[in-house]
Each structure stands twice: as structure tokens, then as C-alpha cells.
Amino acid sequence: MMNWTLALPEAALACAGLAILGAGVLPRRHDMFFPISMAVIGALVLAGVLVLGQGDGAALAGQYVSDAFARFSKVLVLIGAALALTLALDFNQTDRDLARFEYPVLILFAAIGMMLMVSANDLMTLYLGLELQSLAAYVLAAFNRDSERSAEAGLKYFVLGALASGLLLYGMSLVYGFVGTTSFDRLAEALTAEHAASLGLVTALVFVLAGLAFKISAVPFHMWAPDVYEGAPTPVTAFFASAPKLAAVALLTRVLTQPFGELSAQWGQVLWLVSAGSMILGAFAAIGQRNIKRLMAYSSIGNVGYALIGLVAAASADPAVRSEGVRALLFYMAIYLLMTIGAFAVLAAMRRRGRPVEEIEDLAGLARSDIGMAVWMLVFMFAMAGVPPLAGFWSKLFVFRAAIEGGYVWLAVIGVLTSVVAAYYYVRIVRVMFFDAPGAAGALDARPASLTVVMAATGLFTALFSVAPGPLLAAAQAAVAAIAG
Amino acid sequence: MLAAVAFYAFSAVLIASAAMVVVARNPVHSVLFLILAFFNAAGLMLIAGGEFLAMILVIVYVGAVAVLFLFVVMMLDVDFARMREGFQRYAPVGALVGGVLLVELLFVLGSWRFAPEAPGLRLSPNPGATVGNTEALARILYTDNVLLFQAAGVILLVAMIGAIVLTLRERPGTRRQVIAAQVARAPAETVVLRQVPIGAGLKNIGILRPPPAAEEREALSEPERHGHGGGHH
């Protein structure tokens with residue numbers, strides 16, 4: 001029973017991608033970036049609508065699964081991709097070399113990869129989805145090909161990404177060797193408690209974890225992130241920090257809770273260390289940064305650490321704590337996605353006389369020259385620091401609560417302490433914007449309208465989330481019921 | 001009987017040409033022997049009942065890989081005599097590594113056990129025995145794993161887009177053929193008919209070449225204007 005219509009969103013997006021690619025190539029013109037970007041945003045929205053109408057079940061020989069968890073992640077992935085592309089609309093058009101129509105097409109194909117990742121029900125689907133997303137990401141990182149830093153970012157990402165893929169594949173082949181199947185369903189059947197944790201299988205699991213930890217840039221596989229985030233063009237960095245990270249975290253969650261659910265005692269310890277390490281490094285390494293994109297890279301490493309607290313709680317023996325943990329994780333990633341894109345919209349608007357600037361000092365005196373942008377940035381920075389009425393506070397609260405209920409008190413303590421440290425550098429940006437005198441170089445350029453739209457949309461969500469938290473919480477709850485209920 | 005003869009013939013030629021690949025002094029000959037070896041291996045596959053593998057061997061290895069080798073060998077000026085210079089110096093190390101590998105191989109083969117079902121399976125190369133192995137492979141590839149197959153195809157497409165995006169640069173001043181413009185040209189724009197007086201010659205009428213087309217005229221007038229300017233100074 002193939003039941004391929006279940007995978008309609010991916011199929012439709014892939015067909016749209018091919019058509020859009022053709023529409024970009026054939027006219028032989030140089031101004032196709034804007035129309036193609038609009039077409040891609042349209043295709044992403046269409047795919048989102050199709051995802052909302054998707055049914056439940058496994059399809060395509062059990063290699064693909066559609067459930068509430070996958071749909072929740074897919075909608076967020078598509079929102080992230082569409083917003084990241086909107087961010088690029090004006091940014092790319094000021095630089096002739098960035099305004100090429102392949103940019104939106106690559107984002108579209110990366111989105112297909114991410115959708116496959118969160119819908120994977122087989123180690124092979126997992127790998128192909130991950131590789132599709134990664135390959136598009138390597139090219140996007142190097143997209144500004146005349147910039148040495150961009151080329152370096154692309155090459156570094158590619159080489160280290162290939163290494164991570166190698167680790168992941170090695171782990172997957174070991175899993176296949178020990179269990180004899182790659183299907184998640186049959187892995188879950190085979191790995192029952194009595195003969196689950198053979199030493200070889202645990203080794204294989206560690207390799208798989210290492211490969212996936214690289215993709216979400218968690219400590220100790222984070223070393224690529226600051227360089228790549230700094231070198232890649234700002235809209236590309238915004239994309240890296242948002243949708244792919246959410247997709248990889250969702251994928252990790254599904255892999256660990258479904259096929260390897262019985263090995264939670266083993267992966268729980270590993271993730272505890274990864275989570276604590278990411279939070280600590282993200283808090284302390286960001287303090288000395290002057291480049292704001294590097295700072296956001298360390299911030300995203302730290303945020304992955306906080307999100308993984310939820311996954312550590314999902315290793316608990318108590319089913320209630322498990323679902324609490326996964327829910328906190330999904331909730332955290334959803335809010336992180338929108339907060340990050342908003343902050344990057346501000347970074348993308350940072351230009352002086354047409355040239356992008358990236359130092360924290362360049363924001364000095366922003367409150368006097370552009371109070372609107374300064375206020376949005378204040379909202380995002382306070383939300384990331386976890387200041388109470390904003391969305392970032394609730395997401396942190398949920399993961400800490402899940403950790404305490406699961407008995408991981410130390411992890412929660414580390415989380416709270418590193419939040420305080422991280423608050424220092426978030427608040428420092430606010431101080432620079434509002435209280436520092438503008439530098440000699442003059443004020444920043446006026447921000448383009450498309451970035452204002454992104455800032456306002458994500459900013460309103462972040463600021464007013466507490467007014468109506470119901471829908472997101474309900475959606476996260478439904479998603480959790482599908483995999484950890 | 002016939003199959004046995006074919007088997008030994010193919011095997012003998014295969015081994016001989018494989019040996020020649022290593023021994024031949026001229027690298028082009030090596031590649032040609034490699035192609036011969038591939039063809040004979042394909043013949044062996046046919047005898048064993050693997051017709052799909054036989055065809056794919058010819059198409060992929062002979063058609064693509066070996067031809068690629070041939071291109072590389074012919075295009076790169078590799079001095080094979082110099083590459084062999086250090087043979088005597090490196091021979092002991094090479095022999096040592098080869099010896100270790102041989103011992104390992106013997107260990108592996110020494111503890112090799114055939115599964116009891118293996119001889120039976122070897123006689124039926126087709127898994128279901130109701131379909132040919134091409135069809136059986138096609139079912140696995142295009143029916144069971146269609147999602148993976150298509151995803152792999154999209155990955156290759158992205159790799160191709162990436163290679164083009166990162167490396168293709170349009171040079172300024174390249175002249176492209178615009179077929180539509182060529183077809184749309186009317187005879188009146190290109191051909192001039194004049195009555196030429198007998199014995200007068202073309203020079204006196206002032207036509208040695210057709211009048212330049214609009215954009216060419218513009219390109220021509222540019223340096224001319226500069227020339228006039230210089231004259232006035």
C-alpha cells in the first residue's frame with residue numbers, strides 16, 4: 001500500500017520547485033530574483049496549507065510518516081523559511097551578486113529536505129532529508145562568492161558537515177548491523193527493554209547523536225557555527241539559525257523518543273552533558289564578541305542547550321514527565337524560531353551608506369536615529385534574555401519546569417544561572433542602542449519596508465504572546481500526543 | 001556445454017586483460033585493456049543470469065568511467081616513467097603492506113563458513129523467480145523505495161544548481177547566437193541590389209560591403225566621434 005497522497009505537501013513543493021527553477025532559468029534575464037522569490041514564498045504558503053490538511057498515518061512503504069508532531073514542525077519550518085526569504089528580499093537586491101534567482105530556489109529545496117526530516121520514519125529517509133537540507137545550506141553559505149569570508153564559511157560548513165554526515169552514516173550502518181532494520185517502527189519493536197542496550201548498539205547511538213548534534217550545533221560539535229554564521233550573508237545566517245535548527249531538533253526528538261525510546265537511560269546521560277555544555281558555552285563565549293552575528297551564533301548554541309533540557313526530561317521513566325519534556329522542547333523551539341528571525345531582521349537592516357555593518361558598536365545611538373527598530377530589537381533581546389511578560393520567558397519557564405519535574409534539578413540550576421549570564425550580553429546590546437552616543441560614522445540607513453514587516457510580525461508575536469498563549473500550547477500538546485503520549 | 005565454453009573464454013580474456021592493465025607500458029593501452037576487462041565481466045554476468053548488472057556494467061563503466069579515464073590519461077601529461085622511478089626504493093614497503101593484507105585475507109577465508117542455504121540461493125539469481133532480475137530491481141528501486149529514489153534525485157539536482165551558482169560567471173562581451181533575430185532578418189536589410197555598369201568596377205559605386213546594421217553602426221560611430229574630436233583640438 002503506497003498511499004503516496006499522504007506526502008502531497010512534499011510532492012507539491014518539489015513540483016513547484018522544478019517549475020520555478022525552469023521559470024527562473026528560461027527567460028535569460030538578470031532581474032529574476034524578486035519574482036522568483038515571490039513565487040517561492042507562494043509555494044511555501046501553499047505547502048503550509050496542504051500540511052494543515054494532511055491526514056495521519058505512514059506512507060510510501062513505511063518510510064514516511066505524517067502525524068501531529070510532523071505537521072507542527074512542518075508548519076514552523078515553512079514559516080521560518082518564508083520569513084528568512086522575506087528577510088533576503090531587500091538585502092540581496094542591494095548586492096548584484098546576491099540577487100540571483102537560485103537563492104529562493106535553494107531555500108525551497110532546503111525546505112523540502114526539512115519536511116522530509118521531520119516526517120522521516122526510516123533511517124534512510126532521515127539521512128536523505130538531512131542531506132538535501134545540508135547541501136542547499138552549504139551552497140547558500142557560500143552564495144556571496146566574491147566575498148572571501150562567505151566562501152570560507154561555505155567551505156568550512158561543507159567539510160565539517162561532510163564529516164558529521166560520515167559519523168551519522170557510520171552510526172546508522174552500525175544500527176542496521178546490530179538490529180537488521182532501518183525502519184523506525186521495527187527498530188522500536190526490536191529494541192525492547194530486555195535486550196536493548198548491547199554495547200555495540202550504544203556505540204552506534206552515540207555516533208548518530210554526534211552527527212545530529214553537529215547539525216543543531218550543540219556542544220561539543222558547535223565549533224563551525226560562529227565562523228559560518230559570521231561569514232555567510234546575513235539573511236542566510238538568519239535562515240541557518242531558524243528553520244533548519246528547528247527541523248533538526250524535531251528530528252532528534254523523533255529518533256530518540258520513537259525507535260530508541262527504550263535506550264533513554266543511555267541517551268539521557270549524553271544529552272544531559274550536551275545540554276549543559278551548550279548552555280554554558282553559549283553564555284560565556286558570547287560575552288567577548290564584538291561582531292553581532294558571532295554573538296547570535298553563540299546565542300543560538302545556548303538556546304539549543306535550553307531546548308535540549310526538554311529532551312533530557314523526555315528520557316525520564318515517567319510518561320507524564322516525558323510528554324511534558326517534549327512539549328516544552330517544541331514550545332521552546334517555536335518561540336526561538338520567531339524571536340531569532342526578528343532579531344536577524346534587525347541585523348539585516350544594519351547598513352551604513354549601503355554597506356552592511358556587523359559590529360555591536362554600529363548600533364550605538366540607534367534609539368535616536370530609528371526608535372522603531374531600536375524598540376523591536378529591545379523586544380527581541382529582552383525576550384531572549386527571558387524577561388517576564390515576553391515569549392522567551394515562558395519558553396524558558398516550561399523547559400525548567402519539565403527538568404525539575406523529571407528530577408534534573410541540577411540541569412535547571414545550570415539553565416537559570418547561564419540565563420543570568422546570557423542576559424548580560426543581551427542587555428548590553430540594548431544599552432548600546434539606547435544610551436551610547438552615536439559613533440563618528442553616522443546613523444544607519446533607513447530600513448526597508450520588507451524588514452519592517454518581518455520585525456513587526458515577529459515582534460508583535462514575541463511581545464504579545466502572553467495575551468493569547470492558547471493556540472500554540474494546544475498545537476504543541478497535540479504534537480506531543482502523537483509521539484510521546 | 002556452450003555456457004561452460006563461454007565462461008572459460010570470458011574468464012581467460014578477463015584475467016589476461018586485467019593483467020595487461022597493470023603491465024602495459026602505455027597508459028592508453030591500459031585503459032583500453034580495462035574496457036576489454038569490463039566487457040568480459042559483463043559477459044560473465046550474463047552467464048550468471050544477471051542481465052541488468054551486465055548492461056549497467058557496460059553502460060556505466062565502459063560508457064562513462066573508462067572513457068573518463070581515457071580523457072584524463074590523454075589530457076594530463078603524466079610522465080609514467082618518472083612515476084616508476086622510486087619503484088625499487090618503495091618495493092619493500094609495498095611488499096610488506098601487501099603481505100599483511102594477504103595474511104589477513106587468509107585469516108578471513110580460513111574461518112569462512114557458507115550458510116546452508118547459500119548454494120541453493122546461488123542457483124536462483126532472481127529473488128522471486130517469477131520476474132526477471134531487472135524487474136525485481138526496478139520494483140525495489142521504483143516501488144518500494146520510490147521516496148528515497150526521488151529524494152536522492154532532488155539532492156543531485158541541488159548539487160547541480162549549487163555547482164552552477166558558485167562557479168558560472170558570464171563574461172562581458174560574449175556574443176551569443178540569437179536565432180530569433182537571425183530568422184527575423186529580411187533580405188532587404190542585408191542584400192543591396194545595384195545596377196553595375198559594365199567595366200566600371202565596384203569601387204566607383206561606393207559599395208564594397210553591405211551597409212552596417214543599426215547597432216554595428218553605433219559601435220562604429222563611437223571611435224569615429226572620438227577621432228573627430230581629437231582632430232578639432
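In this predicted model, the largest pocket has a volume of about 1000 Å³. Its lining comprises 32 residues. Closest to the pocket centre are A:His30, A:Arg100 and A:Glu102 from chain A, together with B:Leu168 and B:Glu170 from chain B.

Three helices each contribute at least two residues to this lining. Two belong to chain A: helix H1 (8-25) and helix H2 (33-52). The third is helix H8 (146-167) of chain B. H8(B) provides the largest share, with five residues. By class, the lining of the largest pocket contains 14 nonpolar and 14 charged residues. Four polar residues complete the lining.

Chain B also carries record-based annotation. An unreviewed UniProt entry lists "transmembrane region" for residues 6-24, 31-48, 54-78, 90-115 and 147-168 of this chain. Two of these spans were examined in the model. Residues 6-24 of chain B are 95% helix and 0% strand. The end C-alpha atoms of residues 6-24 are 26 Å apart. Residues 31-48 of chain B are 100% helix, again with 0% strand. For residues 31-48, the end C-alpha atoms lie 26 Å apart.

A separate site in chain A concerns A:Asp362. This residue sits in the loop between strand E4 (355-356) and helix H15 (366-369). A:Asp362 has a relative accessible area of 15%. It is therefore classed as buried, the cut-off being under 20%. Beyond its neighbours within four places in sequence, A:Asp362 is in contact with A:Met350, A:Arg352, A:Val357 and A:Leu444.

Technical notes. Residues numbered from 1 in each chain as written. Chains lettered and ligands numbered in written order. Predicted model: local features only at pLDDT ≥ 70, side-chain atom pairs only at ≥ 80, totals over all residues. Heavy atoms only, no water. Helix = DSSP H or I, 4+ residues; strand = E, 2+ residues; numbered from the N terminus. Buried < 20%, exposed > 50% of the residue type's maximum accessible area, 1.4 Å probe, protein only. Contact = heavy atoms within 4.5 Å. 1 Å grid on protein atoms, 1.4 Å probe; cavity = no way out; pocket = protein on both sides within 12 Å on 5 of 7 lines; lining within 4 Å. Points joined across faces, edges and corners; volume = space filled by probe spheres on them. Nonpolar A, V, L, I, M, F, W, Y, C, P; charged D, E, K, R; others polar. UniProt positions renumbered as here; feature names shortened; annotations may be inferred.
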